[in-house]
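Let's take a walk through this structure together, one stop at a time. Keep the sequence and the 3D view open as you read.

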Amino acid sequence: MQPITEHRMGICFLLLIVGFCWAQYNPNALSGRTSIVHLFEWRWADIALECERYLAPNGFGGVQISPPNENVIITDPWQPWWERYQPVSYKLCTRSGNETEFRDMVTRCNDVGVHVYVDAVINHMCGANAGAGNHATCRSYFNAKTEDFPAVPYSALDFNDAKCKSRSGNIENYQDVSQVRNCRLVSLLDLALEKDYVRSKVAEYLNYLIDIGVAGFRIDAAKHMWPEDVKAILEKLKDLNTKWFSAGTKPVIYQEVIDLGGEPITGSEYFGNGRVTEFKYGAKLGTVIRKWNGEKLSYLKNWGEGWGFVPSDRALVFVDNHDNQRGHGAGGASILTFWDARLYKMAVGFMLAHPYGFTRVMSSYRWPRSFVNGQDVNDWIGPPSYSDGTTKPVTINADTTCGNDWVCEHRWHEIRNMVVFRNVVDGQPFSNWWDNGSNQVAFGRGSKGFIVFNNDDW
């Protein structure tokens, strides 16, 4: 009997491993809810209200929030959106609100079945030129020049300076894997994540958020971390809070890995940790819907893996995100955004109708665009704010659209209706494709839904 017992133990061990892995891909949304929305730069108080008054009633499964931890305050340019990606500590206070407001938001959203996904900035701290003092959102002292962050605490011993082999200390060559993962991304101080102390401090921060009730994490700049370092941090994470999640539920993980091909680092290297952001999705879909390079909607019949994308159950997909809607990140000029409203609605509608991937809808704010040599020189501008830098609330107009320069694409009725469509047809097969050989297409989702797109000029 002994060999059988050992065999059964081996099976149990294997199931435990598989269970851990699969838990990282499950979005942890309530049954029948299949999409999340990124409420970029929203205040915690406004997100709490939006969960109750709009997201839950319209079937959204969750909300991705901006980084909730303390960041440096940048005044030149004036408080840009990207200051949120320059951590000073893991204290929970930003221009979106303080810890009390954060806790209230998570509780209220969870109570109506809308789960919270945190944008986790764990690859680095602030920029090397960010200065010193207490000009940070919690007023914590730091010194970027000496790499001193006592509020964590991190010291110069906790950064990758000695491992980086580039001349400047920054990433200079994206064909050099070690540079991409050991050197500074645009001068951001790169954490030594191979050190157990650093891994433990990061895990401590993420576990604090898990205890509060978040459902998972977008891992910012995952491409710039070794996959095994990310894995070691994830292995330190707790199960989700049983007040809102079943016992033993692991946080969902989706990792920012920009992989458009042509570089040695690929998204597939990160599958063992969770889902990855499929940047080719928005870039290719934008090219097709803009009808560039002779592309046609009829070419989308084998959309998904047939276009060289990662497997559907490993993909987090989106038409645009906070980076590439400004011309950064990946995808270039093909990326569709709210500035191209008619085509954008078609792209988001197609994404939500098609079964590939787990879908994220973007919700943005407007800024005054100004182009010089094809580049928007105002792409740095932060959220709608008062003169003192305080973020303006999201106001709701009589027609349910948003005011104060908040765009709220998720409230556009075409997008809202398609979120509902996706929920209704969840689990149904892609079927009954029809096209006219050009830019009119139609397809079904089993017996529960059918949709038609016309991108011809007639």
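Our starting point is A221, which is buried because its relative accessible area is 4%, under the 20% cut-off for that label. You'll find A221 in the loop between β8 (216–219) and α6 (227–234). Its backbone is worth a look too: A221 has a positive phi of about 55° although it is not a glycine. Most residues other than glycine have a negative phi. Before going on, keep in mind that what you're looking at is a predicted model.

A221 has a counterpart in V186, another non-glycine residue with a positive phi, this time about 40°. V186 sits in the loop between α4 and β7 (188–190). Is V186 buried or exposed? V186 counts as exposed, because its relative accessible area is 65% and the label asks for over 50%. So A221 is buried at 4%, whereas V186 is exposed at 65%.

Now zoom out to the whole chain. The protein chain holds 9 helices and 17 strands. Its C-alpha atoms fill a box of roughly 75 × 65 × 45 Å along the principal axes. How does the radius of gyration of the protein chain, with its 458 residues, sit beside that of a compact globule? The chain has 22 Å, and a compact globule with that many residues would have a value near 23 Å, so the two agree.

What about the inside and the outside? Of the 458 residues, 58% count as buried. The accessible surface comes to about 18,200 Å², and carbon and sulfur atoms make up 54% of that. As for charges, there are 46 positive and 51 negative ones, and their mean positions are 3 Å apart. Contacts tell us about the fold as well: among those with a separation of 6 or more, 69% are between residues 24 or more positions apart.

Some single residues let you see such contacts up close. Take Y270, in the loop between β9 (252–255) and β10 (275–277). With 0% relative accessibility, Y270 counts as buried. Setting aside neighbours within four places in sequence, Y270 is in contact with several residues, including R181, A222, K223, M225 and P227. One of these partners, K223, is 47 residues away from Y270 in sequence, while their C-alpha atoms are 8.6 Å apart in space.

Next comes A315, found in strand β11 (residues 315–317). A315 is buried as well, with a relative accessible area of 0%. Leaving out neighbours within four places, its contacts are R275, V276, E278, V310, Y356, G357 and F358. V276 also turns up among the contacts of Y270. For a sense of distance, try V288: A315 and V288 are 27 residues apart in sequence, and their C-alpha atoms are 20 Å apart.

Then go back towards the start of the chain and look for H38 in strand β1 (residues 35–39). H38 is at 0% relative accessibility, so this histidine counts as buried. Apart from residues up to four places away in sequence, H38 touches Q64, S66, H322, R360, V361, M362 and S363.

The backbone has a couple of other spots to visit. Most peptide bonds are trans. Where the chain goes from D76 to P77, though, the bond is cis, with omega about 5°. P77 belongs to the loop between β2 (62–65) and α3 (99–111). The bond from V152 to P153 is cis too, with omega near 0°, and P153 lies in the loop between β6 (142–143) and α4 (177–182).

Our last stop is a hairpin. Strand β16 (residues 440–445) pairs with β17 in the antiparallel sense over 6 bridges. There are 3 residues between the two strands, and in this hairpin G446 takes a positive phi near 60°. To line up the pair, find A442, which stands opposite V452 in β17.

Which way do the side chains of β17 (residues 449–454) point? They alternate: G449, I451 and F453 point to one face and are buried, while F450, V452 and N454 point to the other face and are not. That puts V452, the residue opposite A442, on the face that isn't buried.

Note on methods:
Residues are numbered from 1 along each chain as its sequence is written. This is a predicted model: local features need pLDDT of at least 70, side-chain atom pairs count only at pLDDT 80 or more; totals for chains, interfaces and linings use all residues. Side-chain values use heavy atoms; hydrogens and water are left out. Helices (H or I, at least four residues) and strands (E, at least two) are DSSP runs, numbered from the N terminus. The radius of gyration is taken over C-alpha atoms; the globule rule is 2.2 Å times the number of residues to the power 0.38. Buried means under 20% relative accessible area, exposed over 50%, partly exposed in between (1.4 Å probe, protein chains only). Contact means heavy atoms within 4.5 Å. Accessible areas come from the Shrake-Rupley method with a 1.4 Å probe; for residues, only the protein chains shown count as cover. Lys and Arg count as positive and Asp and Glu as negative; His and the chain ends are not counted. The place of a charge is taken as NZ of Lys, CZ of Arg, CG of Asp or CD of Glu. Two strands pair if DSSP finds at least two bridges between them.
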